Structure formats: C-alpha cells, structure tokens
Amino acid sequence: RKTISYLRVVGTVQWCVLGSFFFAVPFLTWSQFENGQSVDRFSLVKMALSRTKSHVSGLSDAGSGQIDQKQFYQEGVVNEVKVSARFFTIACLIFECFLMVIAGVWFTYSDPMEAVNDLRLYPYFRDVSIMIFFGFGFLMTFLRRYGFSAIGYTLVFSALTVQWSLILQAFFEAVDGGHGTSFSEKHAIGVQQLLDGLFCAGAVMISFGALLGKVSPFQLLILVIVEPIFFWLNIYVCAFQLEAIDIGGGYYIHMLGAYLGVVATIFLTNKHTHGHPDNTSNYSSDVFSLAGTLFLWILWPSFNAAIAEPGVPQSRAIVNTFLSLTGSTLAAFVVSRVVSGGRFDAVHIQNSTLSGGVAMGIAAHLELQVVTAMCVGFIAGTVSVLGYVFITPKLNRYLRIQDICGVHNLHGLPSIIAAITSIIATATSDPDQYPQGKNQPGYQTAALAVTIGFAIVGGLVAGFLMWVTTRFLRIDPANFFNDRLFWHRPSDYEHVVRGERSGDGVTPPTTPQTARRMQMRDMAASDSQSV
C-alpha cells in the first residue's frame, strides 16, 4: 500500500508538471505581447546583418564587429531576450518544483552510522566542490567576452545537476536492488550522495565546455536534464552490472562528458560560429583561466581519491594522481614549445597540464608503480597538446565539430589512455582483488565501449533537442561568445570591447589557439627584422 501511495503521488505530480509545460509552451511560442502589440516569434531573429563563414559584418563601427547600443536595443532584440528569459524561468521553476516534490516524498537524512563516514568524506567533498564550482568555472573564462556566463552558468547549472542527480541515483540504485534502497522506502541523503552529485555535475560541465559560447541558458537547461540520465544509466550498466573499476570517473565523468559534448556540438556548429570575432581570448581572460587550472591541478588528487577505500588504496590514488599530474605538466610545457615555434601556448598550459589527472582517473588506486604513474601522465600531456595542434582543426574542418574548450583533448583522449591503463593493470596483477577476477580486463574493455556508446546516443539526443529550440529561441550570431545578450553589463563593457577591436577589417582566427599561433609568428617576424 505504501508503495502504491508513493507511486500515485509521483504520478500526479508528473502529470501536473507535464500539463503545465504543454500549457506554457504554446502560449509563449506563437506570440508575445509587448506594449500591447503581438510580436511574431520568427520575426524576432531577422536583423540587418550580413554574415559569412569567416566574419560578421554589416555592424556599426565599420568592421569592428561591435553592435551599437541603439541598434542592439531594437525592439526585436529586446523581445527576443525577454521571450528567452520567460522560457528559461518557467522551465526552471517547473523542473525545480518537480525535484522538490520528489525530494519531499522520497528523501531523508542518513542514519547516525553513516554520519561518521560523512565526516571522513567531507574534506574530499569540499575539494571536489571547489573544483566543480571554481575550477571549471574559471577554466572556461578564456573567452574574453564570456566571463560572466562561464562562471555564472557553471554555478547555477552545477547546483541544479546535483539536485537532479540525487533523484536519478536513488532511482537506479532502487532498480538495481543491491544498495539497500527500494521504491517503498525513503532514500538516505548524506555527503556520499552529494559527492556523487558533484561528479555528475562535473560531467555536465565538461560537455558545457564543448558548447561554450553557442548556447542559451534554456539550451543548457536541456543539457542538464538529459545528460544526468545517461550519466546514471552508464553507471548502472558499467558499475552495477559489469562491475568495471573506475575510481576517479575516467569512464563515467571524463569520457562520457567529453564525447557527449563533442557529439552535441555538431548540431550547434554552423557558418556563423566559425571565425567569430569574440571566439578568442585576451591577456586578462587567459590569466583568469590559468587560475582555474591551478585550483584544478592542486585538488585533482582529492577528486580521484574521494571514493577509494580508506588506507592503502586511497593513499595510492593520491600519490599516483599527483605524480601523473607532474608528468603531464612537464610534457605540456616541453611539447608546447616544440610545436609552437619555440614559445609556450597558454591553451596547452591551461588544459594539457591537467590531462595527467584524467589519465589516472580509472586505476589511480591500483598498484601501478611510481614510474608508471609518471609515464602515463607524460604520455597524456603529450597526446593532449598534439590533439590541440593537429586533431582539433581536423575535427572542425571535416566533421563540423567545433570543440570550443578542447574537451576532447583534455578529457576525451586522456580518458581513453586511462581505460587502456586500467586494462593493462588488471591484466598484469593478482586477479583475486577484482570483482570479475581474471576476466576483469575484458569488463574494463566492455565499459569503454559502453561508455562511448552512451555518450554518442546522449549527445545526439541532447544536441537535437537543443537544436530544436533554435527554431523559436534563436541566438543572433553577432551575440555568440558574448555576455551582452543575457547579462547586465558593467558601465565600461562597450568601451573595453571597442578598444580591443583592431578596426582594420581583419577577421580574428577561428580558435584562441590559432590566434596565439598567428600572434607568435608576427612576433617572430618582428624579432627577426629588429635583429
């Protein structure tokens, strides 16, 4: 009877949510009334802008790429922002009400015995929180005009992902039945569950990095709703059923998040996102991004060791992760200078230095030997830098994958290295310590294939749904990679932006790393002329 009553309450709430959603969407989609006049939805995106694949022209300030205040605040643009805000606000409130009702029906605090374990986990929980909210947020501030969005969206959508993850975790654990939970009993929430929610938020933020600058808050809300479902479905298959080893989220966080985001970005890449004048960085934005790198670098051992068994496994996870990070850092600096004409590239230093932590994300707690951890980190750093230089441009050109933050090089490729490391480690050590015994390497390989499969399917679903919203909530191409459409701006914003434009009609390069390579060549030419 108790189970039936719970299911009736949940079903009633879901029907109310769906009914509210289907009532609100048609009302907001077909028309909006501003100052007593009906505004056609599809007319809001028609602006007198001439666009090509390589630049945005036809704007004020003659080729500077800067929108004049009066032109920007045309009625159509203002209405477009208001409509997008209404969609986002209503969808967020409906989804949050749904989460609150489920939490009230199904959740309770953990028992006193679990509280002791929570106190042990709290230092790791604190470190992971800093990584997710501060580290990822500041790492993505390299776009010179997207700092508010990078940090603000990381904050709000990570918080929402944690709430949604709690429900999904309880659901899949109840389905599995081997975790002491069921649909007829309340699910205990403690620091362990919050930590798992942060891990889920990490996967979503990795995917956000691939889509950086090209999505609206409403589109990111869709990503937040869709991706955690595939995150926990992947854990259900790989961890609960296959019992694959993954101590630091190499499969479930880095691989899933990276390839889901890479696939999703195919739907949101078009001729307007290429060669955009704001898809670049400046000195201060790169410095802020490096601050995020430092926080992630310092705290990454806690990330990989958080859920390891106390004692020797946890100690190994910390030592192996730190040594792997040192190896990737050395490789990033060395290889960056080799492939960048004798100078360091800030893109490589911001990202590839962290690849050692990702590469040690699956087998960090195993007895790998010290030299193995260092070698794995060095290999990951090398592969990551080479990915930025050679692989990213080809993905962009031939597969229409515009990976803005380079998550394929920071998370995707190093996570594959982590999977290979775990396969070799489980095949060359005592099989009795693994849940699948001597068959563990095969299950690690299966987890690799399953994770990539879920990432591709999840990316197709999330990308398609986000693309559908562009039919009625379209971002004007001139506002890609820019805060001005969805944020109140400081008083000096337009002046600073206008001052950064060259004004000579030269189109900035497509990606920040390409921009820096061209600047480096110019500096080398000027140095040779001075000599």
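The paragraphs below lead through this predicted model, from its overall make-up to its helices, its core and a few individual residues.

The protein has 531 residues, of which 55% count as buried, and its secondary structure consists of 17 helices and 6 strands. About 22,700 Å² of its surface is exposed, and carbon and sulfur atoms supply 67% of that area. When contacts between residues at least 6 apart in sequence are considered, 83% of them join residues at least 24 apart.

Several of the helices can be followed from end to end. Helix 5 has 30 residues, and the distance from its first C-alpha to its last is 41 Å, which is close to the 44 Å expected at 1.5 Å a residue. After helix 5 comes Gly177, a residue whose phi is positive, near 80°. Helix 6, covering residues 191–211, has 21 residues that should span 30 Å at 1.5 Å a residue, and its end C-alpha atoms are indeed 30 Å apart. Helix 6 is mostly covered, with 19 of its 21 residues buried, and just after helix 6 a positive phi, of about 85°, is found at Gly213. Helix 14, residues 407–427, also has 21 residues, and it reaches 29 Å between its first and last C-alpha atoms, close to the expected 30 Å. Helix 14 too is mostly covered, since 16 of its 21 residues are buried.

The interior comes next. In soluble globular proteins, nonpolar side chains tend to be buried together. In this model the largest nonpolar core has 125 residues, and those with the most contacts inside it are Phe208, Phe231 and Met466. When residues up to four places away in sequence are left aside, Met466 touches Leu211, Val215, Gln219, Ile222, Leu223, Ala264 and Leu268.

A glycine in helix 8 gives another view of the interior. Gly261 is found in that helix, and it counts as buried because its relative accessible area is 0%, under the 20% limit. Although Gly261 and Ala210 are 51 residues apart in sequence, their C-alpha atoms are 5.5 Å apart in space. Ala210 is also among the residues that Gly261 touches, together with Ser207 and Leu211, when residues up to four places away in sequence are not counted.

Charged side chains add another set of links, for the structure holds 3 salt bridges. One of them joins the side chains of Arg126 and Asp127, at 3.5 Å from N to O. The two partners differ in how far they are covered, because Arg126 is partly exposed at a relative accessible area of 40%, whereas Asp127 counts as buried at 12%.

Another salt bridge is formed by Arg144 and Asp278, whose closest N and O atoms are 3.7 Å apart. Arg144 lies in the loop between helix 4 (112–139) and helix 5 (147–176), while Asp278 lies in the loop between helix 8 (250–267) and helix 9 (283–305), so this pair ties together parts that are 134 residues apart in sequence. Both partners are buried, Arg144 with a relative accessible area of 13% and Asp278 with one of 1%.

The remaining salt bridge is between Glu367 and Arg316, with the closest N and O atoms 3.5 Å apart. Because Glu367 sits in the loop between helix 12 (355–359) and helix 13 (370–398) and Arg316 belongs to helix 10 (residues 312–339), the pair ties together parts that are 51 residues apart in sequence. Here Glu367 counts as exposed, at 60% relative accessibility, and Arg316 as partly exposed, at 27%.

A last stop is Asn479, whose place is in the loop between helix 15 (440–469) and helix 16 (493–500). Although Asn479 is in a loop, it counts as buried, because its relative accessibility is 5%. The side chain of Asn479 makes a polar contact, at 2.8 Å, with the side chain of Arg484.

Methods: Residues are numbered from 1 along each chain as its sequence is written. This is a predicted model: local features need pLDDT of at least 70, side-chain atom pairs count only at pLDDT 80 or more; totals for chains, interfaces and linings use all residues. Side-chain values use heavy atoms; hydrogens and water are left out. Helices (H or I, at least four residues) and strands (E, at least two) are DSSP runs, numbered from the N terminus. Buried means under 20% relative accessible area, exposed over 50%, partly exposed in between (1.4 Å probe, protein chains only). A polar contact is a pair of N or O atoms within 3.5 Å; within protein, one must be able to donate a hydrogen and the other to accept it, and residues adjacent in sequence count only if both atoms are side-chain atoms. The expected span of a helix is 1.5 Å times one less than its number of residues. A salt bridge is a side-chain nitrogen of Lys or Arg within 4 Å of a carboxyl oxygen of Asp or Glu. A nonpolar core is a set of buried Ala, Val, Leu, Ile, Met, Phe, Trp, Tyr and Cys residues joined through side-chain atoms within 4.5 Å. Contact means heavy atoms within 4.5 Å. Accessible areas come from the Shrake-Rupley method with a 1.4 Å probe; for residues, only the protein chains shown count as cover.
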